[in-house]
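Grab a viewer and work through a few short exercises. Each one sets a task and then walks through the solution.

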Amino acid sequence: MPTPINSRKRPDLTILSEGSKMISKLLNFGDLVIYESTVYPGCTEEYCVPVLEKGSNLKFNEDFFCGYSPERINPGDKKRKIEDIVKVVSGSSKAASQKINYVYKKSIKAGTFVASSIKVAEAAKVIENSQRDINIAFVNELSKIFDKLNINTYDVLKAAKTKWNFLDFKPGLVGGHCIGIDPYYLAYIARKKNYHPKIILAGRKINNEMSNFVVNKLEKKFSLKINKKLKNVLILGLTFKEECNDYRNSLVLKIIKILKKKKIYYEIFDPFLIQDFVKIKRKLKINIKNKIPKKKYDAVIITVSHNYFKNIGIRKIENMSKHKFVFDLKNIYNNKATITF
């Protein structure tokens, strides 16, 4: 079940609560309930279990048991499927852990890892995404510094990763329903325990500001290179990551909002959203197209590194701009003629 955040960036457990209520009506003596939703450490036993007990009139760890096995999927990844990724499992008792492990081992080829408790499994999941968020925030901050120094960030990273233990993270827009959300869950429970996290929220702040940085850099570079005011752009990519059709919490939507505010006309195309483009257009009220328009724009922004865009080639992409001005956020062409981080 989805575990989003509310407008105050705090956990919204409404869906999880409703799901637990539904399950509670079906619970029988000896049943085992396994959660996979990403939550803060303690949520399953301290929030979900009371809902199950209340709706079923059964007693936890006597009449029924619980487990937690965080989902580990990588949208758009055709190599690492569910069965190819090690599954962390946990249970509310030793016997429950053994049963849960047995169930998952039958379908997970990569194997399982039995965590020492449900809380440990919950924490492992939430820090996986928080760690990635912080690492991306670091390179995003570097990209802001290097922009002022007139240094290409990707050139720096290419040189740095020749060292065997350098972590190969790249700058970009952090969206989706995991990396851009889960750190707030960890921050929430930390505050509940009277600890105010600094690095976690600093990373979130940096990553949330990247849409503004992208638009400001786009305007600045366009003005310097073309000596004109930017009037219209073509955006290639709306999903939160490459090779998937999920646009939830995509920071490209924030870029669109900023462009609208600056009265810069835009049109957007994403090959993974062609089938639903009419529905998306109505729902989000954005200028999304079902094919790349043939007219030319002042600038082209590549926001997502879909293979579709890679296969088009830089020459054709450049020709979509009357000034051959391309802002390649993902550096998919590694072309010195394009603007990048």
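Keep in mind that this is a predicted model.

**Exercise 1. Which residue of strand 6 stands opposite Leu234?**

Step 1: look across from Leu234 and you land on Glu267 in strand 6.
Step 2: zoom out to the pairing, where strand 5 (residues 232-236) and strand 6 (residues 265-269) run parallel over 5 bridges.
Step 3: place that pair in its sheet, an open one whose 5 parallel strands come in the order 7-6-5-8-9. Its edges are strand 7 (288-289) and strand 9 (326-328), each with pairing on one side only.

**Exercise 2. Classify the ring pair Phe60 and Phe64, then do likewise for Phe222 and Phe325.**

Step 1: Phe60 and Phe64 sit 5.8 Å centre to centre with 50° between the planes, a tilted pair.
Step 2: for Phe222 and Phe325 the centres are 5.3 Å apart and the planes are at 80°; over 60 counts as edge-to-face, so that's the label here.
Step 3: Phe222 belongs to helix 8 (residues 210-226) and Phe325 to the loop between helix 12 and strand 9, so the pair ties together parts 103 residues apart in sequence.
Step 4: check burial. Phe222 has a relative accessible area of 0%, so it is buried, and Phe325 is buried at 1%.

**Exercise 3. Is Glu318 buried or exposed?**

Step 1: find Glu318 in helix 12 (residues 314-318).
Step 2: its relative accessibility is 8%; buried means under 20%, so Glu318 is buried.
Step 3: look for partners. The Glu318 side chain makes a polar contact with the side chain of Arg315 at 3.1 Å. Beyond four places in sequence, Glu318 touches Lys324, Val326 and Ala337.

Technical notes. Residues numbered from 1 in each chain as written. Predicted model: local features only at pLDDT ≥ 70, side-chain atom pairs only at ≥ 80, totals over all residues. Heavy atoms only, no water. Helix = DSSP H or I, 4+ residues; strand = E, 2+ residues; numbered from the N terminus. Buried < 20%, exposed > 50% of the residue type's maximum accessible area, 1.4 Å probe, protein only. Polar contact = N/O pair within 3.5 Å; in protein donor to acceptor, adjacent residues only side chain to side chain. Contact = heavy atoms within 4.5 Å. Pairing = 2+ DSSP bridges. Phe/Tyr/Trp six-rings, centres within 6.5 Å; stacked < 30°, edge-to-face > 60°.
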